[in-house]
Structure formats: C-alpha cells, structure tokens
Amino acid sequence: LKTALDWNPQLAINPEKTAQEFAAKGQAEQLVVKAKQLARQGEIKDAIASFIQAQQLDPDLQIPFNAWDTLCWHGSLREFAKDVAFACDRAVNLIPNDWSPLESRGVNRVRRGDFKGAIADFKAAIAVAPDDESKTRWQTWIADLQAGKNPLTPDVIQTLLN
C-alpha cells in the first residue's frame, strides 16, 4: 500500500489504517469459521463469543446464513436453545425461503416450548423442502406438536446431531 501511494500520491488511502482494516476483516472471517467449528463440537458459548468478537473486529461483516444456521442447529440440540434463538432468526431473515434455517428455527422453537411457532416454521419448510423424506418427518412433527407432544425425544435429538 505504501508503494502504491508512492506511485500515485493522489490515492486517498492511509496505508497503515487500510492494512489494519484488511487484517481485521481477515481475522473476523477466520473467527466465523472457528465459531462454526466450535458450534459443531458443542462448544456453544465459545461459538457465540467468537461470533461477537468477529462482529467487533469488523462491524460491517456480513455473516452468512449458514454460519448462523449452524449455531442455531447445534445450540438448539444441545440445550442452548434460548442462547441461540437470535442466530435462528438471523439465518431465516437472511434467506427466508430455504428449508434449512426454517427447520433449525423450528427445532429451536420446539426446544423453547413455542409449539405454534415451530409448526409455522415446519409448514414453511415443507413448502420448499428438497425431498419427501424431510417433508414426511416435518409432517409427523407437526402432528405431534398439534397433539401437544414434543417430537424431539432424546433419541431423535441424538439422530439429528449425528
């Protein structure tokens, strides 16, 4: 950057500041990758902290929906549903017509006892589902929820984690 400024003094850059901004953006992006890994490993609190740190390093960072979805899914299945509800909403808001964040938020809502909200998410997921197997699973879950029964038994949760 200093060389570029030497070649063209008209450039409106501060080499040191610009280099620091680039470094912060790179660190922030790496923290998002780390946060996803931590979420998959069940280290939900550390994953949340990594997301927060990434946003502090780069307030303009656009965290992709799949990163929020990963945190939502793994946090919800590992007893951190209240802690990750914000991530579920962010994932759905970023890409509202994708089945994955809808399923994740539906699971999150079940875990938080919001059966009505979960039913709405699973119905929306069915409308854009990629396969009949998923549709059938969600329809079964909806029937259970409408009957006041939680479909996410410990065995189901373990299967979903695997």
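In this predicted model, the count of salt bridges comes to 7. One of them joins the side chains of Glu103 and Arg137, with 2.8 Å from N to O. This pair links distant parts of the chain, since Glu103 belongs to helix α6 (residues 99-111) and Arg137 to helix α8, 34 residues apart. The two partners can be told apart by their surroundings: Glu103, at 5% relative accessibility, counts as buried, whereas Arg137, at 25%, counts as partly exposed.

A second group of charges brings helix α6 together with helix α7. Arg105 forms a salt bridge with Asp121, and the closest N and O atoms of this pair are 2.8 Å apart. Here too the contact links distant parts of the chain, with Arg105 in helix α6 and Asp121 in helix α7, 16 residues apart. Both Arg105 and Asp121 are buried. Asp121 also meets the side chain of Arg109 in a salt bridge, at 3.1 Å from N to O, and this pair again connects helix α7, where Asp121 lies, with helix α6, where Arg109 lies, across 12 residues of sequence. Asp121 has a relative accessibility of 3% and therefore counts as buried; Arg109, at 17%, counts as buried because the limit for that class is under 20%. Arg105, Arg109 and Asp121 are linked with Asp89 and Asp114 in a network of salt bridges.

From the charges we can turn to the aromatic rings. A pair of aromatic rings is described by the distance of the centres and the angle of the planes. The count for this model comes to 4 aromatic pairs. Trp68 and Phe86 form one that is edge-to-face, with 5.7 Å from centre to centre and 75° between the planes. Trp68 lies in helix α4 (residues 65-77) and Phe86 in helix α5 (residues 81-94), so this pair ties together parts that are 18 residues apart in sequence. Trp68 counts as buried, at 4% relative accessibility, while Phe86, with a relative accessible area of 30%, is partly exposed.

The rings of Phe122 and Trp141 make up another pair, and because their planes stand at 65°, with the centres 5.2 Å apart, this pair is edge-to-face. It links distant parts of the chain, with Phe122 in helix α7 (residues 115-127) and Trp141 in helix α8 (residues 132-146), 19 residues apart. Phe122 is buried, with a relative accessible area of 0%, and Trp141 is buried as well, with 5%. The charged end of Arg137, the residue that meets Glu103 in a salt bridge, sits over the ring of Trp141, 5.6 Å from its centre.

What surrounds Trp68 once residues up to four places away in sequence are not counted? Trp68 touches Phe51, Gln55, Ile63, Phe86, Ala87, Arg90, Ala91 and Leu94. Within this set, Phe51 and Phe86 form one aromatic cluster with Trp68, and Arg90 lies over the face of Trp68, at 4.8 Å from the ring centre. The surroundings of Trp68 thus include both aromatic rings and a charged side chain.

Trp68 also has a place in the wider packing of nonpolar side chains. The largest nonpolar core has 21 residues, and Val32, Phe51, Ile63, Trp68 and Leu71 are the members that touch the most others. The elements that give two or more residues to this core are α2 (15-40), α3 (44-57), α4 and α5, and α2 gives the most, with 6 residues. Apart from this core lies another, of 19 residues, which includes Leu102, Phe122, Ile142 and Ile157. Phe122 is thus a member of this other core and a partner in the ring pair with Trp141.

A last stop is Ser76, which has its place in helix α4. With a relative accessible area of 0%, Ser76 is buried. Leaving aside neighbours within four places in sequence, Ser76 is in contact with Leu71, Ala81, Val84, Cys88, Ser104, Val107, Asn108 and Arg111. Among these contacts, Leu71 is also one of the residues that touch the most other members of the largest nonpolar core.

Key
Residues are numbered from 1 along each chain as its sequence is written. This is a predicted model: local features need pLDDT of at least 70, side-chain atom pairs count only at pLDDT 80 or more; totals for chains, interfaces and linings use all residues. Side-chain values use heavy atoms; hydrogens and water are left out. Rings of Phe, Tyr and Trp (its six-membered ring) pair if their centres lie within 6.5 Å; planes under 30 degrees apart count as stacked, over 60 as edge-to-face and the rest as tilted. Helices (H or I, at least four residues) and strands (E, at least two) are DSSP runs, numbered from the N terminus. Buried means under 20% relative accessible area, exposed over 50%, partly exposed in between (1.4 Å probe, protein chains only). A charge sits over a ring if NZ of Lys or CZ of Arg is within 6 Å of the ring centre and within 35 degrees of the ring normal. Contact means heavy atoms within 4.5 Å. A nonpolar core is a set of buried Ala, Val, Leu, Ile, Met, Phe, Trp, Tyr and Cys residues joined through side-chain atoms within 4.5 Å. A salt bridge is a side-chain nitrogen of Lys or Arg within 4 Å of a carboxyl oxygen of Asp or Glu.
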